[in-house]
Amino acid sequence: QGAVPATIAILEGQVHVGLTEDQLESLALGEKPAVKTSRRDFAYVLAKGLNGGTTVSGTMLVAHKVGIPIFVTGGIGGVHRGADSSMDISADLTELGRTPVMVVSAGVKSILDIPRTLEYLETQGVSVSILGPNKNFPDFFTRDSGQHAPNNVETPAEAALMLHKQMELNLNSGMLMAVPIPEEYEGNGKKIKEAIDVALSEASTSVSGRDITPFILKRVNQLTQGHSLESNIALIENNAKFGAQIALHYAKLRNPQKKIIKKNLESIGSKNSSNQGMPVVIGGSIVDFIITVHEPHIKFSGQTHLGQIRQSYGGVGRNMGDALTHLLESSGPSPLLISAIGSDTHGSALLQHNPKMDTRGIARIEDASTAVYSVVLDQKGEALFGIGDMSIHAQVTPQH
């Protein structure tokens, strides 16, 4: 569809955003055991150096940290049947209530209590919509669970506009965009639901907690002789198609003056390729204070001199990024500025100075001061001396 996928997982204790084919294959084949990783599990999995398959909750958390606003999956977790006594409620729901990422899925898994799941999402303030002509809420393997979503949108462009408005308001909550399974794969729905009932009955006496969903999905695949897996793959591909279309429309809304360059895999490396790379600028981001002394002579004896002090924004790296942003505004992608600032007012001012520049590569360091440079000029504008506090730039490491 023209969007770039970034599969999220943990490999040997390191979070990865975007996997190679070999990494995907290794994770899928289970060459090393992978821990099912939700928000609560990150510290343990990273500290132990383990592999981790991130849940919806875990993937949302990472996606938000790196600035990815749209995440596609099969189905989300929810309120399990019998939760009134077991209290088994997926962390996916609370994550949707506090992390601003749109999750595109085929509704929620049909093994769950769907009415209570929708009620819980409402309590969390999560926007739930259907991408389709009606509000019938899908339950993974079938297009209509018998429940209704609050809203529906007809096109991916409308879905993207919803996301854009949500981000404009800075609402710190997620969105669920439910995409019904393609009609041609819904025929197996009745058989699958019967198999789910059998699997749920078996699970109630043998497994609990986070092992329930993997057990049921595996058992349902066995009971349906592989038909549930075919439907599962079909709905994931369908979700990915619409998720990518939403992403493209959202990118155009965020950058209306820029060309959204679709990558043609066949043309990468070709001399005739029209693809443009993103410029990357690595360097300093500095708040400058320029002090011009109005008196002809300066005495370094504690005396106060009349003069003018003005503030500007500098750093060779930041200046280059700023200039390139303006130069490329209508012809190509913004440069990515890789730098470091403190979590202070100077750092905030630098970020706001050019809102069109891609600042996702700027590290914001807690308990550190943004770089500041002060220069003293004489009446003729000649620099007499300068003082710079540049220590934060040591944080621009090769690893960063």
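**Exercise 1. Place Gln166: is this residue buried or exposed, and what does the residue touch?**

Step 1. Gln166 has a relative accessible area of 10%. Buried means under 20% relative accessible area, exposed over 50%, and partly exposed in between (1.4 Å probe, protein chains only). So Gln166 counts as buried.

Step 2. Gln166 is found in helix H7, residues 156-168. Helices (H or I, at least four residues) and strands (E, at least two) are DSSP runs, numbered from the N terminus.

Step 3. Leave aside the neighbours within four places in sequence, and Gln166 is in contact with Leu171, Ser173, Gly174 and Met175. Contact means heavy atoms within 4.5 Å.

A word on the model before going on. This is a predicted model, in which local features need pLDDT of at least 70 and side-chain atom pairs count only at pLDDT 80 or more, while totals for chains, interfaces and linings use all residues. Residues are numbered from 1 along each chain as its sequence is written, and side-chain values use heavy atoms, with hydrogens and water left out.

**Exercise 2. Follow Met175 into strand S9 and work out which strands S9 pairs with.**

Step 1. Strand S9 covers residues 175-178. Met175 and Met177 point one way, Leu176 and Ala178 the other way, and all are buried.

Step 2. Look for partners. Two strands pair if DSSP finds at least two bridges between them. Strand S6 (residues 102-105) runs parallel to S9, with four bridges joining them. Strand S7 (residues 127-131) is also parallel to S9, again with four bridges.

Step 3. Pick out individual partners. Val104 has Met177 in S9 as its bridge partner, and Val128 has Leu176.

**Exercise 3. Describe what covers helix H5 and how its N-terminal end is capped.**

Step 1. H5 spans residues 91-98, and its buried residues are Asp92, Leu93, Glu95, Leu96 and Gly97.

Step 2. The cover over these buried residues includes helix H3 (56-65), S6, helix H6 (114-123) and S9.

Step 3. Ser90 is the N-terminal cap: one of its side-chain oxygens lies 3.0 Å from the backbone nitrogen of Asp92.

Step 4. Ser90 and Leu93 turn up again as contacts of Gly78, along with Asp88, Ile89, Leu112 and Thr117, not counting residues up to four places away in sequence. Gly78 sits in the loop between strand S5 (70-72) and helix H4 (83-86). Its relative accessible area is 0%, so Gly78 is buried.

**Exercise 4. Lay out the sheet that contains S11, and find what packs on it.**

Step 1. Four strands make an open sheet, ordered S12-S11-S15-S16, with mixed pairing. Its edges are strand S12 (307-314) and strand S16 (383-389), each of which pairs on one side only.

Step 2. Direction ignored, neighbouring strands of this sheet are turned by 15° against each other on average. Axes here are lines fitted to C-alpha atoms, for helices over the stretch in contact, and angles run from 0 to 180 degrees between N-to-C directions.

Step 3. Strand S11 (residues 286-293) and strand S15 (residues 371-377) run parallel and are joined by seven bridges. Within that pair, Asp288 stands opposite Tyr373 in S15.

Step 4. Helix H12 (residues 345-353) packs on the sheet, where it touches S11, S12 and S15. The direction of H12 makes about 100° with that of S11.

**Exercise 5. Take Phe140 and Asp367: which one is buried and which is exposed?**

Step 1. Phe140 is found in the loop between S7 and strand S8 (151-153). Its phi is near 75°, a positive value in a residue other than glycine.

Step 2. Asp367 is found in the loop between strand S14 (362-365) and S15. Here phi is near 55°, a positive value in a non-glycine residue.

Step 3. Now check accessibility. Phe140 counts as buried because its relative accessibility is 3%. Asp367 counts as exposed because its value is 83%.

**Exercise 6. Sum up the chain and say where confidence drops.**

Step 1. The chain has 12 helices and 16 strands, and buried residues make up 41% of its 400 residues.

Step 2. pLDDT is the predictor's confidence in each residue, from 0 to 100. The chain averages 87, and 94% of the residues score at least 70.

Step 3. Over residues 257-275, pLDDT stays under 50. For that stretch the model has 23 contacts beyond four places in sequence.

Definitions and conventions
A polar contact is a pair of N or O atoms within 3.5 Å; within protein, one must be able to donate a hydrogen and the other to accept it, and residues adjacent in sequence count only if both atoms are side-chain atoms.
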